[in-house]
Structures are given as C-alpha cells and as structure tokens.
Amino acid sequence: MTFPISRQGLEQIAIVLAVGVVLFGLLALIRWRRGDDWRRFAQSAGFLGALVALSLGLAYTVAPNIPTPPVPILARLAQNPTPDTPASVAAGRAVYQANCVICHGPQGLGDGPAAFTLQPRPFNLQVHVPQHAPGELFYWISEGIPSTAMPAWSVVDPATGKPKLSDTERWEIIRFLQALAAGKAT
Ligand code: HEC
C-alpha cells in the first residue's frame with residue numbers, strides 16, 4: 001500500500017493550511033493590539049502551523065512523487081458514488097475496454113496499440129491508480145491531462161448532446177481500475 005496522497009497534493013494542502021496560519025496570526029495580532037484575549041487565535045495559528053509541518057514532512061518522506069497536474073482540493077475529496085460491487089466493476093470494465101484500451105492496453109499496462117506513438121507514453125495504471133485518491137482519478141479522466149494524449153471524457157459530444165462518458169461511467173471505470181490493480185479483475 002502506497003501513501004494515498006501524492007507529494008504534489010500534500011504541497012497544495014500545506015499551502016491552504018499556511019493561509020490559515022497567516023489569517024489566525026493576523027487575528028491574534030489585532031486582538032493583542034486592542035488588548036483583547038489573543039491566545040486562542042495564536043493557538044489556532046500554531047496548531048495549523050504544526051499541520052503545515054506535518055504535511056510537508058509526509059510530502060517529502062512517504063508520499064509518492066507524481067508530477068501529474070494538480071487537482072483542486074474539492075475535486076480531490078470527491079467520493080465514488082457507485083457501489084463497490086462486481087456489477088460496477090463489470091460495467092466499468094466494459095466502458096474501459098471500449099474507450100481506453102487503444103492507449104492504456106487491456107490490462108492498463110500502458111501497452112495499447114496506439115501507446116507506442118504517444119509522448120509521453122501512458123503509464124502503468126495498475127501501479128498508478130492505487131497511488132491516487134479516487135477524486136483525482138475522476139478529475140483526470142473527466143478533464144483530460146494537458147500536454148498529453150489523454151482526452152477529457154466529460155466533454156459534450158455535439159452529435160449526441162451528451163458527455164462522451166457519463167459521470168457514472170467514469171466512476172465505474174475507477175471501480176474497475178482499482179479492482180484490476182488489486183488483482184480482483186482482469
Ligand atoms: C489517445 C490515448 C488515450 C486514451 C484513448 C485514453 N488515455 Fe488515459 N492517458 C493517456 C496518456 C498519454 C496519459 C498521460 C500519461 C499518464 O499519466 O499515464 C494518460 C493518463 C491517464 C490517467 C492518469 C494516470 C496517472 O496516474 O498519471 C488515467 C487515470 C487515465 N489516463 C485513464 C484513462 C481512461 C479511464 C480512459 C478511457 C475512458 C483513457 N485514459 C483513455 C492516453 C490516453
């Protein structure tokens with residue numbers, strides 16, 4: 001089991017926490033200058049500061065270094081609404097086989113027939129999928145990955161007026177990819 005948040009993700013979290021340190025620090029300063037009780041704000045700033053140190057500590061020790069584009073915090077926290085059942089995995093597998101194999105290969109190994117023409121080549125999804133939060137995977141599948149061949153699957157197809165793949169289909173693919181990486185699907 002690798003650490004579930006990437007170094008880049010933890011760096012983003014540290015930035016948000018650092019903003020909190022500054023805000024609480026300013027509040028404490030304002031209250032101190034007014035002669036009010038400032039300690040609670042200073043404590044909050046200190047607590048958030050400790051979390052910044054913890055995030056950065058984890059970021060540069062256990063967290064994997066994955067330079068995929070950063071994902072907005074809320075998108076990262078999104079949870080998979082599809083149940084973790086064989087039916088979801090099977091549905092995801094079918095959508096994956098129809099749309100993704102050409103680049104990612106039938107087992108997600110990055111060896112699809114078109115993979116050899118791509119720069120960068122698709123990575124091994126069996127290795128990479130467990131390294132990411134489901135929300136991150138969903139974001140990349142939905143929005144695509146700039147400066148790679150990875151398309152955005154949430155874009156609306158003008159011919160049908162519907163997204164290329166629905167939200168449910170994209171989440172079911174993630175169920176399949178996670179089962180594949182865990183050796184529970186082929
Ligand atoms: C035209 C080729 C192509 C197709 C089709 C394609 N991908 Fe990709 N995909 C790529 C490339 C290239 C990358 C960038 C390298 C990488 O991150 O693996 C990528 C990246 C990804 C990543 C990020 C992996 C990581 O951790 O960096 C995921 C997840 C992914 N693709 C899933 C899918 C799914 C699911 C489908 C089908 C709905 C799909 N891709 C279809 C080429 C493709």
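**View 1. Helices α1 and α2 are roughly antiparallel to each other in this predicted model.** The angle at which the two axes cross is roughly 165 degrees, and because angles over 145 count as roughly antiparallel, the pair falls into that class. Helix α1 covers residues 7-34 and helix α2 covers residues 39-59, and their axes come within 8 Å of each other. The crossing in which α1 passes α2 is left-handed. Sorted by class, the residues in the contact of α1 with α2 comprise 18 that are nonpolar, five that are polar and three that are charged.

**View 2. The ligand is surrounded by 25 residues of the protein.** The closest of these residues are C100, C103, F123, H128 and M150. Two or more residues of the shell come from each of the elements α4 (86-99), α5 (101-104) and α7 (134-143). In terms of residue class, the shell around the ligand consists of 19 nonpolar and six polar residues, with no charged residues.

**View 3. A cis peptide bond leads from Q119 to P120.** The omega angle of this bond is near 0 degrees, and P120 itself is found in the loop between α5 and α6, the latter helix being formed by residues 125-128. Most peptide bonds, by contrast, are trans.

**View 4. The protein chain is divided into two domains, with domain 1 at 7-59 and domain 2 at 73-181.** Taken over C-alpha atoms, the centres of domain 1 and domain 2 are separated by 37 Å.

How values were computed. Residues are numbered from 1 along each chain as its sequence is written. This is a predicted model: local features need pLDDT of at least 70, side-chain atom pairs count only at pLDDT 80 or more; totals for chains, interfaces and linings use all residues. Axes are lines fitted to C-alpha atoms, for helices over the stretch in contact, and angles run from 0 to 180 degrees between N-to-C directions. Helices (H or I, at least four residues) and strands (E, at least two) are DSSP runs, numbered from the N terminus. Angles under 35 degrees count as roughly parallel, over 145 as roughly antiparallel, 65 to 115 as roughly perpendicular and the rest as oblique. A crossing is left-handed if the near helix is turned anticlockwise from the far one by less than a right angle, and right-handed if clockwise. Ala, Val, Leu, Ile, Met, Phe, Trp, Tyr, Cys and Pro count as nonpolar, Asp, Glu, Lys and Arg as charged, and the others, Gly among them, as polar. A residue is near a molecule or strand if its C-beta atom, placed from the backbone, lies within 6 Å of it. Domain bounds come from an automatic or database domain assignment.
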